[in-house]
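Pull up the model and get it turning on your screen. We'll start with one charged side chain, follow its partners, and then step back to the whole chain.

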Amino acid sequence: MKLSEIYRQKKSVLSFEIFPPKKDQDLKNIDKTLEILCELHPDFISVTFGAGGSSNHNRTIELAKKIRETYHVEPVVHLTCLCYDRREIDEFSRELEAEGIQNILALRGDRNPDIPEKNDFAHASDLISYLKLKGDFSIAGACYPECHPESEDRVAEMRCLRKKVDAGAEVLLSQLFFDNNYFYRFVEDCRIAGIDIPVTPGIMPVINASQIKRMVTLCGASLPERFERIIHKFESDKQALFDAGMSYALSQIIDLLANDVDGIHLYTMNNPVVARKICEGIRNLT
């Protein structure tokens, strides 16, 4: 089923993100995580994508096939473009069509000084426009409640986002954030800008101090004072920080659901323990 149809049929959508294991032999171990995730019957599971010619894209497609054929859940394949040319994107789109995969999360991709950029696609909106010409795909775009790290300001952010929507994005999945107020203000800005497609918040349970530092550095998400106090209090106790991080993520989700968001997109980090606890928490709410 296409993403656009999923969102039309449901008031609130539940989805998860996973990434392909780096080693082929570890691909078999992903079943434990998938079994736990699929117990809650997510509406779709997105699968991240390697960049710059990485063989990871083959594992992405293989994993997407497993999600659909073994677990009967709709997969959404991430596709980056900054380090690929039209010929390579053509190849990827043909593979996806051949496997019956209809849904794509179209991304520019992060800049990497070790991987040369190519000239065909400078922005995610360029990729979205191109994919719309290549096949009958349903396409999601990424969005950033606290602005993309490279954005000049919120006005520029909205202009770029509007380009994605005008190019054909039908759903927006957000980068992680730790203060729901950022998300609510962002959605309000979207509506003012005439962006009326579903905007789904992305939530990542943060369960260790190094993960917190890495995520904040990568995506520029700010840490609310309440969350910083939790980190400082429990950073020397792994189990206590795990429990506190899980509780914080669930409190975010409870608040978001109470405010009738379009769905919840959970960044699982392939951790079945995290997935199970979050799933149980959500199940108790619904």
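Start at aspartate 31, which counts as buried because its relative accessibility is 18%, and buried here means under 20%. Keep in mind that you're looking at a predicted model. So what does a buried acid like aspartate 31 pair with? Its salt-bridge partner is lysine 66, with 3.4 Å between the closest N and O atoms. Aspartate 31 sits in helix α2 (residues 30-38) and lysine 66 in helix α3 (residues 56-71), so this pair links parts of the chain 35 residues apart. Lysine 66 itself is partly exposed, at 22% relative accessible area.

Now slide one residue back along helix α3, to lysine 65. This lysine forms a salt bridge with glutamate 99, and here the closest N and O atoms are 3.6 Å apart. Glutamate 99 lies in the loop between α4 (86-98) and β4 (103-107), so the bridge ties together parts that are 34 residues apart in sequence. Both ends of this one get the label partly exposed: glutamate 99 comes in at 27% relative accessibility, and lysine 65 has a relative accessible area of 27%.

Salt bridges can also share partners, and one network of that kind joins Arg108, Arg111, Glu117 and Glu150.

For a longer reach along the sequence, look at aspartate 136 and lysine 2. Their side chains meet in a salt bridge, at 2.5 Å from N to O. Aspartate 136 is in the loop between α5 (124-134) and β5 (138-143), while lysine 2 is in the segment before α1 (3-9), so the pair ties together parts 134 residues apart in sequence. Which end of this bridge is buried and which is exposed? Aspartate 136 is the exposed one, with a relative accessible area of 54%, whereas lysine 2 counts as buried at 15%.

What's behind pairs like these? Side chains of opposite charge can pair when their charged atoms come close. Across this protein the count comes to 18 salt bridges. There are 36 positive and 44 negative side chains to draw on, and the centres of the two sets lie 2 Å apart.

Next, find arginine 191 in helix α7 (residues 180-192). It is partly exposed, with a relative accessible area of 35%. Leaving aside residues up to four places away in sequence, arginine 191 touches Asp196, Ile197, Val199 and Asp262. Serine 251 is another story: it is 60 residues from arginine 191 along the chain, and their C-alpha atoms are separated by 25 Å.

Time to zoom out. The secondary structure adds up to 11 helices and 8 strands. Measured against what a compact globule of 286 residues would have, a radius of gyration near 19 Å, the protein's 18 Å agrees. The C-alpha trace spans about 50 × 45 × 45 Å along its principal axes.

Buried residues make up 54% of the 286 in the chain. The accessible surface comes to about 13700 Å², and 48% of that belongs to carbon and sulfur atoms. Finally, consider the contacts between residues at least 6 apart in sequence: 81% of them join residues at least 24 apart. The bridge between aspartate 136 and lysine 2, with its partners 134 residues apart, is a handy one to keep on screen as you browse.

Note on methods:
Residues numbered from 1 in each chain as written. Predicted model: local features only at pLDDT ≥ 70, side-chain atom pairs only at ≥ 80, totals over all residues. Heavy atoms only, no water. Helix = DSSP H or I, 4+ residues; strand = E, 2+ residues; numbered from the N terminus. Rg over C-alpha atoms; globule rule 2.2 N^0.38 Å. Buried < 20%, exposed > 50% of the residue type's maximum accessible area, 1.4 Å probe, protein only. Contact = heavy atoms within 4.5 Å. Areas by Shrake-Rupley, 256 points an atom, 1.4 Å probe, with all protein chains shown as cover. Lys, Arg positive; Asp, Glu negative; His and termini not counted. Charge placed at Lys NZ, Arg CZ, Asp CG, Glu CD. Salt bridge = Lys/Arg side-chain N within 4 Å of Asp/Glu carboxyl O.
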